[in-house]
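The following exercises concern a single protein model. Please work through each task before reading its solution.

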Amino acid sequence: MMRWAALLLASLTTTPVLGATVLQCVSYARIVSGVQIYGDALTWWDQAENHYRRGHMPRKGAVLAFRPMGPMVLGHVAVVSRVLDDRRVLIRHANWSVPGAIEEDVLAIDVSEEGDWSEVRVWHSPTNQMGARSNPTFGFIYPDKPQLREFRPDPALGDSLRFASMTIAKDDPAQDAAPSRKSLASQPRLALDLRAIRYADATPSARSLRDIIADVKRDAALR
């Protein structure tokens, strides 16, 4: 139980220890997307002005810029690898679930009231479920030539490890010819009314670990 609780808490704290020599989200996103912006993730949205188009609709190859929140003091950036529908995308990013870890083609869900991707929930690989927190975002930064580029580990960028990628389950209407290493069939059923997962919008500091665990169990019972 304690190990499970520790993994759950890991989904709530996504910023690495400052100064740690691990792969950062900005280095990974810059290489994979080709968006040539430098500096902390929280500055990417403003830096993109007058250099790249920005918006609130997901597109393959776009960079999703996260706002700072709680322990995620430097923000975060991720690259859209596939658009599944208006509310679901697959993303590639680093330094989210575990410091330095690379997660490729994992799920992100729009849980915003307006459907504008201003708040998302993101897959947490260590617990094999959606993260328990709703994360605010600035929006999408669109590269001039959308293209997913290969990332090769580079010690100069910090230590890294990879989690297995995901692809669409065979019975999903959006199935393509991509090889399957982990199926989205193991993820929450996303046809649910999005209000069923709004518990993540509650103020984290006002909720105990017991409350969070109870909410996650309720969410699992609705699958």
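**Exercise 1.** In this predicted model, determine which side chain makes a polar contact with that of Glu-103, and establish whether Glu-103 is buried or exposed.

*Solution.* Step 1: the side chains of Glu-103 and Ser-125 are joined by a polar contact of 2.6 Å. Step 2: Glu-103 belongs to strand β5, which spans residues 101-110. Step 3: the relative accessible area of Glu-103 is 0%. Buried means under 20%, so Glu-103 is buried. Step 4: leaving aside residues up to four places away in sequence, Glu-103 touches several residues, among them Ile-91, Trp-96, Trp-123 and Phe-163.

**Exercise 2.** Identify the strand that gives the most residues to the largest nonpolar core.

*Solution.* Step 1: the largest nonpolar core has 23 residues, and Phe-66, Ile-91, Leu-107 and Phe-140 are among those with the most contacts inside it. Step 2: at least two residues of this core come from each of β2, β3, β4, β5, β6 and β8. Step 3: β5 gives the most, with 4 residues. A second, separate core of 22 residues includes Val-26, Val-32, Trp-44 and Val-63.

**Exercise 3.** Describe how the side chains of β2 are directed, and state which strands pair with β2.

*Solution.* Step 1: Val-63 and Ala-65 point one way from β2, whereas Leu-64 and Phe-66 point the other way. All are buried. Step 2: in a regular strand, side chains alternate between the two faces of the sheet. Step 3: β2 pairs with β3 in the antiparallel sense over 4 bridges, and Phe-66 stands opposite His-76 in β3. Step 4: β2 and β8 also run antiparallel, joined by 4 bridges; Leu-64 has Phe-140 of β8 as its bridge partner.

Definitions and conventions
Residues are numbered from 1 along each chain as its sequence is written. This is a predicted model: local features need pLDDT of at least 70, side-chain atom pairs count only at pLDDT 80 or more; totals for chains, interfaces and linings use all residues. Side-chain values use heavy atoms; hydrogens and water are left out. Buried means under 20% relative accessible area, exposed over 50%, partly exposed in between (1.4 Å probe, protein chains only). A polar contact is a pair of N or O atoms within 3.5 Å; within protein, one must be able to donate a hydrogen and the other to accept it, and residues adjacent in sequence count only if both atoms are side-chain atoms. Contact means heavy atoms within 4.5 Å. A nonpolar core is a set of buried Ala, Val, Leu, Ile, Met, Phe, Trp, Tyr and Cys residues joined through side-chain atoms within 4.5 Å. Two strands pair if DSSP finds at least two bridges between them.
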